[in-house]
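Trainee: Could you pick one part of this fold and walk me through it closely, then show me how it sits in the rest?

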Amino acid sequence: MNSREIEEFLSELKAYWISNDIPNVTEKGAQFLKDMIKIKKPKNILEIWTANWYSTIQMWIVAQKIWTKITTIEFSPLSRKQALNNFKTVWFDNFINSLEWNALDIIPTLEEKYDFIFIDWMKKRYLDFLNLIWDKTESWWVIILDDVIKFKHKMENFYEFLKEKNIKYNLLPIDEDDGVILLVR
Ligand SMILES: C[S@@+](CC[C@H](N)C(=O)[O-])C[C@H]1O[C@@H](n2cnc3c(N)ncnc32)[C@H](O)[C@@H]1O
């Protein structure tokens, strides 16, 4: 697949998202992820929640050029099936490791360390995920959490934790009505 075909394929995924209510990242969100990967040049990406692979493929477009691996977790067999079909369509070869599991259970068992982590679902559990991944990070890392403005009310414990621990963060309103938190060490 050439880059134009991949773009067309992503547009189809997005159209599918709109008609089937799959909450993929927005185009601006995808652009932000790609730009951050270009800047950070991570070695190992962890995505907590694949859905139909829209965000995974967007990240892969940049990641494969710099030999960066992506591990992505999804517990819904249906979403992952779509993901695996998408996998065959675009030929991601060895760059993507797709895990079908509950992220809460599988993260503690992961043996690798990651330097770029994207978390995209269950705002109420963002703090739990942050705590789970602390010891899965390299010394220098980037963590991005999606939808943190619109759903701020669902993640009060997360914001309190950042405040209590005096953890500096960037709140970036990348979409018209929402945005991401960027944590960097
Ligand atoms: C917001 S979507 C991910 C969207 C994807 N990052 C994108 O932008 O294309 C969230 C996904 O997380 C999955 N999910 C929710 N809770 C999970 C859990 N505990 N473990 C694994 N996957 C989970 C849901 O099935 C859903 O497909």
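Mentor: Let's take helix α2, residues 27-40. Its 14 residues should span 20 Å at 1.5 Å a residue, and the end C-alpha atoms are indeed 20 Å apart, so the two agree. That expected span is 1.5 Å times one less than the number of residues. Helices here are DSSP runs of H or I with at least four residues, strands are runs of E with at least two, and both are numbered from the N terminus.

Some ground rules before going on. Residue numbers start from 1 along each chain, as its sequence is written. Bear in mind that this is a predicted model: local features need pLDDT of at least 70, side-chain atom pairs count only at pLDDT 80 or more, and totals for chains, interfaces and linings use all residues.

Now, which residues of α2 are buried? They are G29, F32, L33, M36 and I37. These residues cover an arc of only 135 degrees around the axis, which puts them on the same side of α2. The arc is taken from the directions that run from the helix axis to the C-beta atoms. Buried means that 20 or more other C-beta atoms lie within 10 Å of a residue's own; with 12 or fewer it is exposed, in between it is partly exposed, and the C-beta atoms are placed from the backbone. The spacing fits a simple rule: an α-helix has 3.6 residues a turn, so residues three or four places apart point the same way. On the face turned away from the buried side, α2 carries the exposed residues D35, K38 and I39.

What lies over the buried side? The cover includes α3, β4 (114-119), β5 (137-145) and β7 (180-184). Contact here means that two residues have their C-beta atoms, placed from the backbone, within 7 Å of each other. Just after α2 comes K41, with a positive phi near 50 degrees.

One of those covering elements, α3, deserves a look too. Of its 10 residues, 8 are buried, so α3 is largely enclosed by the rest of the structure. The buried ones are Y54, S55, T56, I57, Q58, M59, W60 and A63. In the loop between β1 (44-48) and α3 you'll find N52, which counts as buried because it has 24 C-beta neighbours inside 10 Å. N52 and N24 are 28 residues apart along the chain, and their C-alpha atoms are separated by 8.0 Å.

α3 also turns up around the ligand. Of the 18 residues in that shell, W49, A51, Y54, S55 and F75 come nearest. The elements that give two or more residues to the shell are α3 (54-63), β2 (69-74) and α5 (103-106). To count as near, a residue needs its C-beta atom, placed from the backbone, within 6 Å. The shell divides into 11 nonpolar, 5 polar and 2 charged residues. In that split Ala, Val, Leu, Ile, Met, Phe, Trp, Tyr, Cys and Pro are nonpolar, Asp, Glu, Lys and Arg are charged, and the others, Gly among them, are polar.

Back at α2, a loop residue reaches over to it. D175 sits between β6 and β7 and is partly exposed, with 18 other C-beta atoms within 10 Å. Leaving out residues up to four places away in sequence, D175 touches T26, K28 and G29.

For contrast, try N166, in the loop between α7 and β6 (170-172). N166 counts as exposed because it has 6 C-beta neighbours inside 10 Å. From M36 on α2, N166 is 130 residues away in sequence and 24 Å away in space, C-alpha to C-alpha. N166 also has a positive phi of about 55 degrees, although it isn't a glycine. Most residues other than glycine have a negative phi. D147 is another non-glycine with a positive phi, about 60 degrees, and lies in the loop between β5 and α7 (156-164).

Stepping back, the chain has 7 helices and 7 strands. Along the sequence they run α-α-β-α-β-α-β-α-β-α-β-α-β-β. The radius of gyration is 16 Å, close to the 16 Å from the globule rule for 185 residues, so the chain is as compact as a globular protein of that length. That radius is taken over C-alpha atoms, and the rule is 2.2 Å times the number of residues to the power 0.38. Of the 185 residues, 36% count as buried.
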